[in-house]
Amino acid sequence: MRVTDAFPLVQSHLSPSTASEPRIQGWCPGALRPMPSGDGLVVRVRPTLGRLTPLQAQGLAGLAQQFTSPVLELTSRANLQLRGVCPDSYPALINGLRGLGLLDEHADVEARRNLLLSPFWTDSDGTPAICEALTLALAAPDAPTLPSKFGFAIDLGPQPLLRAGSADIRLERMGDQVLVYADGANTGACVEPAQAAQTAMELARWFVASGGVVNGRGRMASLLQRQALPAKFTSTPAPKATAQAPTVGPSATGMVVSLEFGQLPAETLHQLAALAPLRVTPWRGLVLEGLHTTPALPELITQPGDARLRVMACTGAPGCTQALGPTRALARFLAPLLPACRTAHVSGCTKGCAHHGATLTLVASDAGYHLIDHGTAQSLPDATGLDAAGIAAYLEQQRLHAPYV
Ligand code: SF4
């Protein structure tokens, strides 16, 4: 079947959006609090330090093959997601995850342990100690009740790598010290590494006490629009310079590889587990710790010029109940058509879960795909009612009229 057969709607720029509004869940799935979806339960695993030992990776691959869809997903918060879990298998899956040391004590603790790490952390940069201290503080009986999406980015490399990642409190290196600052602010508190976790918790408590949580939801950047930060967090400007993370290729930590749409077949996970410990990246890839050669596994994206690195797609239909159309077949079709300077995001609805910041966004609606040029899934569309052929024609028109855009 040609790709255009899968998207049978004709191009029409006349119809306004009739797409249903997506339902805002307001929380992320965990392992102890799975989320129902169109293809069963979604179970999200948050490995400590974003790292799987070879034994954990082997075990996780085996559990996926036994109890879930045989393809795991790498998320933009550097977690691993299992889909298609049927409620009858869920208890056995949870027992398996517990045996592998991949579970928290309680669902509340799991939900609060929302730590996004640079996958290039080292034993000496302070990440393991700060992570452990934050984990303990977030599990303590007096821990603040934070919204499910509230998170901490621990980004202690020479230059920050995680600024585009979702987080509410950011910890970055500043010489021998750590800058702790609120997302959305350009100043923070510069403290000794031993005080960093405690200072981050102080900021989290201020967030709750200042009315940052409304109906169980809230993000730091929104609160800062209506509340001034305590003086302690206004003393040191955050550095402007950031680093570009290698999407694939060698790094000091090990070989970085990627997977199309972050889809990791359990069989590939088995094979990778035999090679090295694995670190999950927030860019839907893996760092193969200590490995400096490229494994010859067909599912891996290993070349920086691979067009698949420039397309993102969420689960879409039929896996997500909110999706108004499929996403991945269209993204796969578009990848070779995109000019090298462009990135594309295909979203099953206007929530745009998978990505922010692509230069071309396609959003499924109940009447074809909306096309948004340089915007997000929520932006006003530049064209509506498109099928794959219509989108290809739009790209061709752009190439002819503005070949460098
Ligand atoms: S963006 Fe995609 S995955 Fe997220 S709710 Fe919409 S269809 Fe589902």
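How many bridges join β8 to β9, and in which sense do the two strands run? Six bridges join them, and the strands run antiparallel. One bridge pairs Met174 with Gln177 in β9. Keep in mind that this is a predicted model.

Now widen the view. β8 and β9 belong to an open sheet of six strands, in the order β6-β7-β8-β9-β10-β11. The pairing in this sheet is mixed. Its edge strands are β6 (115-117) and β11 (236-237), and each of these pairs on one side only. Strands of a sheet pair through backbone hydrogen bonds, either parallel or antiparallel.

Stay with β8 for a moment. Arg170 is found in this strand. Is Arg170 buried or exposed? Arg170 has a relative accessible area of 4%. Buried means under 20%, so Arg170 is buried. Setting aside residues up to four places away in sequence, Arg170 touches Ala153, Leu162, Arg163, Gly165, Leu179, Val180, Tyr181 and Asp183. Compare Ala140, which is 30 residues from Arg170 along the chain. The C-alpha atoms of Arg170 and Ala140 are separated by 21 Å.

Next comes a helix. α6 lies across β7, β8, β9 and β10. It runs at about 10 degrees to β9. The helix has 17 residues, from 193 to 209. At 1.5 Å a residue, α6 should span 24 Å. Its end C-alpha atoms are 25 Å apart, which agrees. After α6 comes Gly211, with a positive phi near 85 degrees.

Which residues of α6 are buried? They are Ala196, Ala197, Thr199, Ala200, Met201, Leu203, Ala204, Trp206 and Phe207. The buried residues of α6 pack against four strands of the sheet, β7 (152-155), β8 (169-174), β9 (177-182) and β10 (187-191), and also against α5 (127-139) and α7 (220-223).

Look at α5 more closely. The axes of α5 and α6 are 9 Å apart, and the helices pack at an angle of about 30 degrees. The crossing is right-handed. On the α5 side, the contact is made by Ile130, Ala133, Leu134, Ala137 and Leu138. They meet Pro193, Ala196, Ala197, Ala200 and Met201 in α6. By class, this contact has 10 nonpolar residues, no polar ones and no charged ones.

Turn to another sheet. This one is open and has five strands, in the order β3-β14-β15-β12-β16, with antiparallel pairing. β3 (51-52) and β16 (300-301) stand at the edges. Each has a single partner strand, so one side of each is left without a neighbour in the sheet. Further in, five bridges join β12 (residues 254-259) to β15 (residues 285-289). These two strands run antiparallel. Here Val256 stands opposite Val287 in β15.

Finish with β20 (residues 368-373). Why is this strand described as largely enclosed by the rest of the structure? Six of its six residues are buried, so the strand is largely enclosed. β20 has pairing partners too. Strand β19 (residues 360-365) runs antiparallel to β20, and six bridges join them. A hairpin of two residues links β19 to β20. Ser365 stands opposite Gly368 in β20. β20 also pairs with β21 (residues 383-386), in the antiparallel sense, over two bridges. There, Tyr369 has Leu386 as its bridge partner in β21.

Definitions and conventions: Residues are numbered from 1 along each chain as its sequence is written. This is a predicted model: local features need pLDDT of at least 70, side-chain atom pairs count only at pLDDT 80 or more; totals for chains, interfaces and linings use all residues. Side-chain values use heavy atoms; hydrogens and water are left out. Buried means under 20% relative accessible area, exposed over 50%, partly exposed in between (1.4 Å probe, protein chains only). Two strands pair if DSSP finds at least two bridges between them. The expected span of a helix is 1.5 Å times one less than its number of residues. Contact means heavy atoms within 4.5 Å. Axes are lines fitted to C-alpha atoms, for helices over the stretch in contact, and angles run from 0 to 180 degrees between N-to-C directions. A crossing is left-handed if the near helix is turned anticlockwise from the far one by less than a right angle, and right-handed if clockwise. Ala, Val, Leu, Ile, Met, Phe, Trp, Tyr, Cys and Pro count as nonpolar, Asp, Glu, Lys and Arg as charged, and the others, Gly among them, as polar.
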